Amino acid sequence: MYAKRAREIFDEEIRELEKLKNSIDDNFNSVVEVLYRCTGKVVMMGIGKTGIIAHKMAASFASTGTPSIFVNAAEAVHGDLGMVNANDVAILVSNSGSTNEITNIIDPLHRLGCIIVAMTGNLESPLAKRADYALSIHVDSEACPLGLAPTTSTTATLLMGDALMVCLMEMRKFKAENFGLYHPGGALGRKLLGRVNNVMTSDVPRVAIDTILRDVVCEMTDKHLGITMVYDQLPGGQCIGIITDGDVRRAIQKYNDVHITAKDIMTPSYKHIAKDALLTDALAIIDTYNITTLAVTESDQSTDIIGIISIHHIIDFQS
């Protein structure tokens, strides 16, 4: 019974969001441009349930490269407007657009020289008419059976904020390492800020080109990485290939001669990555080529192998 009702609520909100999506016009473009050109910060303001959404929007903007704070509209007229400067853009969020706490701060914000963006469900409201720009978050009905509790309207507000945030991220070419810079704590920060040299092993499995299969297997077993690099000579030679567990299994199936060497079974080409590359870049290469390990070089231009990084290193680091 309740699962069926939940699906109905989802459907009702989705229908309203579809209508809101279809109402987005070039005015949205103008707001994104204003926010992108802002030389100060974006000040999100609201009260009640929409204030909670505005607070979330400010946090999302701030963590994705757009400096932003939240100011409770009710507190703004009692001194918190001191946090606002002339080069800021103020986004005032109000479903009705006529809440006193919101309309009372419009003139002070104009006097401060701020650009005002309204996010409201009523484009004929005092807020929309007195703002420099207005984005509609109008919905025809709330999912609440009484039509009173903010439900669909707050979802619409949240989604509009997300749309602004993502557009700004794309305009700023905001990357994973930028995101990690703002999220240094916990698993997310480790994932996004971690670099190859944080987790690689410098104990590189090495065999010479003329190493027999038995000794190749011994080297791979001792280093526990499932691979070994192959060199034209040891010590001091150049890396010319790689042997994986799969190469060894295929060699055992193919050859009866116990004296076959690394040269007979190695793969000449191998994937590598620079030591200061992000772990996300290493993981992307591993996923793309369906492999489990990468050779690590000093730089993109270097061919000297200084380490090995495996999928298990990355998983352990991020867990």
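Me: Leaving aside its neighbours within four places in sequence, which residues is Thr157 in contact with?

Reply: Keep in mind that this is a predicted model. Setting aside anything within four places in sequence, Thr157 is in contact with Ile53, Met57, Val93, Met119 and Ile137. As for its place in the fold, Thr157 belongs to helix H8, residues 152-171.

Me: Is Thr157 buried or exposed?

Reply: The idea is to compare the relative accessible area with a cut-off: under 20% is called buried. Thr157 has a relative accessible area of 1%, so it counts as buried.

Me: What lies 2.8 Å from a polar atom of the side chain of Thr157?

Reply: That would be the backbone oxygen of Ser153.

Me: Let's move to helices. How should I read the packing of H3 and H8?

Reply: In general, two packed helices are described by the angle between their axes and the distance between the axes. Here, H3 (residues 48-63) packs with H8 at about 15 degrees, and the axes are 10 Å apart. H3 is therefore roughly parallel to H8. If you're after handedness too, the crossing of H3 and H8 is right-handed.

Me: And which residues meet there, in H3 and in H8?

Reply: From H3 you have Lys49, Ile53, Lys56, Met57, Ser60 and Phe61. They meet Thr154, Thr157, Leu158, Gly161, Asp162, Leu164, Met165 and Leu168 in H8. Sorted by class, the residues of this contact between H3 and H8 are 7 nonpolar, 4 polar and 3 charged. Our Thr157 turns up again in that list, and Ile53 and Met57 of H3 are among its own contacts.

Me: What about H12 and H13: at what angle do they pack?

Reply: Use the same two descriptors. H12 and helix H13 (residues 245-254) pack at an angle of about 150 degrees, with 11 Å between their axes. The cut-off you need is that angles over 145 degrees count as roughly antiparallel. H12 and H13 are therefore roughly antiparallel to each other. H12 passes H13 in a left-handed crossing. Leu213, Val217 and Met220 of H12 make the contact with Asp245, Val248 and Ile252 of H13. By class, the contact of H12 with H13 has 5 nonpolar, no polar and 1 charged residues.

Me: Now a side-chain pair. What joins the side chains of Asp107 and Arg130?

Reply: Check the sequence gap, the distance in space and then the side-chain atoms. Asp107 and Arg130 are 23 residues apart in sequence, and their C-alpha atoms are 8.8 Å apart. Their side chains are joined by a polar contact of 3.0 Å. Asp107 sits in helix H6, residues 106-112, and at 38% relative accessibility it counts as partly exposed.

Me: Which residues is Thr103 in contact with, neighbours within four places aside?

Reply: Thr103 is in contact with Gly97, Ser98, Pro126 and Arg130, leaving aside neighbours within four places in sequence. So Arg130 comes up both here and in the polar contact with Asp107. Thr103 lies in helix H5, residues 100-103, and is buried, with a relative accessible area of 13%.

Me: Where do I find residues with a positive phi that are not glycines, such as His224 and Asn290?

Reply: Look at the backbone phi angle, then at the place in the fold. His224 has a positive phi of about 60 degrees and lies in the loop between helix H12 (213-223) and E7. Asn290 has a positive phi of about 55 degrees, and its place is the loop between helix H15 (279-289) and strand E10 (293-297). His224 is exposed, with a relative accessible area of 67%. Asn290 is exposed as well, at 73%.

Me: Which peptide bond is cis, with omega near -5 degrees?

Reply: For this one, read omega. The bond from Leu234 to Pro235 is cis, with omega near -5 degrees. Pro235 is found in the loop between strand E7 (227-231) and strand E8 (239-244).

Me: Last one: what does Gly40 touch, not counting residues up to four places away in sequence?

Reply: Gly40 touches Pro67, Asn87 and Asp88 on that count. Gly40 lies in the loop between helix H2 (26-37) and strand E1 (42-46). For a sense of span, the C-alpha atoms of Gly40 and Glu219 are separated by 59 Å, with their positions 179 residues apart along the chain.

Conventions
Residues numbered from 1 in each chain as written. Predicted model: local features only at pLDDT ≥ 70, side-chain atom pairs only at ≥ 80, totals over all residues. Heavy atoms only, no water. Helix = DSSP H or I, 4+ residues; strand = E, 2+ residues; numbered from the N terminus. Buried < 20%, exposed > 50% of the residue type's maximum accessible area, 1.4 Å probe, protein only. Polar contact = N/O pair within 3.5 Å; in protein donor to acceptor, adjacent residues only side chain to side chain. Contact = heavy atoms within 4.5 Å. Axes fitted to C-alpha atoms, helices over the stretch in contact; angles between N-to-C directions. Parallel < 35°, antiparallel > 145°, perpendicular 65-115°, else oblique. Left-handed = near helix turned anticlockwise from the far one by under 90°. Nonpolar A, V, L, I, M, F, W, Y, C, P; charged D, E, K, R; others polar.
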